[in-house]
Amino acid sequence: MLRALPLAPATIVMALFLAGPIAYCVYIAFTDLQLTGQASSSFVGFDNFRTAFHDAAFLNAVKLTLVFTFLSSIVGQNTLGLALAALMKRASKPVRTVTGAVVVTAWVLPEVVAGFLLYAFFRREGTLNAILDWLGLPSQNWLFTLPILAVSFANVWRGTAFSMLVYSAALDEIPAEITEAAEVDGANAWQRLWHVTLPMIRRSIGTNLMLNTLQTLSVFGLIWVMTRGGPSNHSQTLPLFMYEQAFQKSMIGYGTAVALLLLVVGSLFSVVYMRLLRSEP
Amino acid sequence: MTRRSTRNRLTADTALAVVLVAFGLPLAWVVLSSLDADANLRVKWPAHATFGNFDAVLTPDITFTPLLNSLILCGGATALTVACAALAAYPLSRYRSRLNNPYLTTILFATCLPITAVMVPVYALFVQVNLIDTMAGTIYFFAASQLPFAIWLMKNFMDGVPKELEEAAWTDGAGTFQSLIRIVLPLMGPGIAVVTVFCFAMMWGNFFVPFMLLLSPDQMPASVSINDFFGNRGTVVYGQLAAFSIIYSTPVILLYVLVSRRFGGGFALGGAVKG
């Protein structure tokens, strides 16, 4: 018993400030708690959830979250990260070093700073349009016409370094003989990638996808800085929807119900992630 | 063979150069604009290079107070996290117990939870127990949210310290706490450095937690106060915004460079991704 004593401080902090709020989350998601006006709240059962699934704005947020996650995490960060890791192995040292440093810097920057940099990049008067003008291509107000695409790109810009580092480590662990043997047998680059490399790093792919997805599910600051979820909800993912309901519309109960749904989805991903780790040799 | 590998290298170099430009342009904007007296939203070479933007933002109001707040918040929370995690990792790494596996499984599970989702109930809870708008409350929550990952990482690093040295210390009459402080922790210096830097950097850049839990302007850390450039100051002075962004980002970039120089690139990922 005494031996477990060092666990106490950490356990107490986590129980009070992490498990506590989560338990409280489960409770208030079933009430009509409001921020102002109402003195007391009452139990409303599944009302908040029923409201959510009939609320066009909620369904819109679900759709945008799926688009945002798919574009930025699964397609963007994951695929670009793998491509960068593979290219780095062949590139010359100066190019590799400089590119690596720049990509990692984008990752290390604080969330809000990253948001501002990409806001500047995508604004009507911004750099992207300057380049398009220069190339003679039509420019547009990206944050207005394609806000979800702009924030997805921002998330790719910010998050790709993580995948790149994971895949660099994974590729380094593939024995050179195996790739060489496949080459001698006449496999071309695509065949080698598909039949040799990808199967050998599949666990890294699995865990990386899980972590990217979870990370992307909870992005708030980046989108908040760039678009505030607008224009008119066109980039309002679930975390921003949750914030709007709970604080701008003062419906804490409803906002928490949305938060609980987000937690449940996160938990499911968490369980899959743990399964993937378990299956490691 | 050599010709093909040269061509391979050229292709790879060209592809990486394209990525470099795409990733580098926003970074170029912040650096060039911070030195530009009339910066706008485009990447351009400053016609009148100046440190005026830095001079303008280096005031107590704009820079020093928010950075000090960030330092108190992140420093306090990091100290709490690292101390609690080091203590917790010890029994998990050293003793066999039926509790270890469930505990570690729970920790790993919590590592992946989207913390953004609990911010609304945390706010509601903090209002009820009068922790809202307090540095202490924010520090506790920050620590709680980082602890699962910190314990997990710390335990992995501690597993790498051989047990024999401790056993020798026990024979000489050292207690558990003494052997942790005198033998184990000094031997896992790199591990502790990694956990510390990682926690600090995560919290330094975090926007949502202080945005929700702190209300009074004089307590705001830099991650939230940066918004003021858009709000009540009227037209945005982009040069100053860029200068502030650089000042605010420098500490985490320096810490990252320091740690990855000493302990290899992608530092925390070995422990984080491979479990």
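Q: How far apart do the C-alpha centres of domain 1 of chain B and domain 2 of chain B lie?
A: Heads-up, this is a predicted model: local features need pLDDT of at least 70, side-chain atom pairs count only at pLDDT 80 or more, totals for chains, interfaces and linings use all residues, and side-chain values use heavy atoms, leaving out hydrogens and water. Residues are numbered from 1 along each chain as its sequence is written, while chains are lettered from A and ligands numbered from 1 in the order in which they are written. Chain B splits into domain 1 (1–50) and domain 2 (59–263), with bounds from an automatic or database domain assignment. Between the C-alpha centres of these two domains of chain B, the distance is 33 Å.

Q: What share of the area buried between domain 1 of chain B and domain 2 of chain B comes from carbon and sulfur atoms?
A: Here 9 residues of domain 1 of chain B are in contact (heavy atoms within 4.5 Å) with 6 residues of domain 2 of chain B. Buried area is the accessible area (1.4 Å probe) that two parts lose on being put together, summed over both. For these two domains of chain B it's about 530 Å², and the carbon and sulfur share is 83%.

Q: How many salt bridges are there between domain 1 of chain B and domain 2 of chain B?
A: A salt bridge needs a side-chain nitrogen of Lys or Arg within 4 Å of a carboxyl oxygen of Asp or Glu. By that rule, the salt bridge count between domain 1 of chain B and domain 2 of chain B is 0.

Q: Which helix of chain B gives the most residues to the side that touches chain A?
A: Across this interface, 79 residues of chain B are in contact with 89 residues of chain A, and about 7500 Å² is buried, 80% of it from carbon and sulfur atoms. In chain B, the residues losing the most area to chain A are B:Leu16, B:Phe23 and B:Leu41, together 10% of what that side buries. Helices are DSSP runs (H or I, at least four residues), numbered from the N terminus. The top contributor on the chain B side, with 17 residues (its span is 2–34), is helix H1.

Q: How many residue pairs are in polar contact across the interface of chain B and chain A?
A: The rule finds 0 salt bridges across the interface of chain B and chain A. A polar contact is a pair of N or O atoms within 3.5 Å; within protein, one must be able to donate a hydrogen and the other to accept it, and residues adjacent in sequence count only if both atoms are side-chain atoms. With both residues at pLDDT 80 or more, the number of such pairs between chain B and chain A is 10.

Q: What percentage of residues 67–90 of chain B is helix?
A: An unreviewed UniProt entry lists these residues of chain B among its "transmembrane region" spans; positions follow the numbering used here, feature names are shortened, and annotations may be inferred rather than shown by experiment. Over residues 67–90 of chain B the end C-alpha atoms are 34 Å apart, strand is 0%, and helix is 100%.

Q: Which residue forms a salt bridge with A:Asp47?
A: Over all chains, the search finds 7 salt bridges. A:Asp47 lies in helix H2 (residues 47–54) of chain A, and its partner sits in that helix too, 3 residues apart, about one turn. With the closest N and O atoms 3.1 Å apart, the partner of A:Asp47 is A:Arg50.

Note on methods: Helix = DSSP H or I, 4+ residues; strand = E, 2+ residues; numbered from the N terminus.
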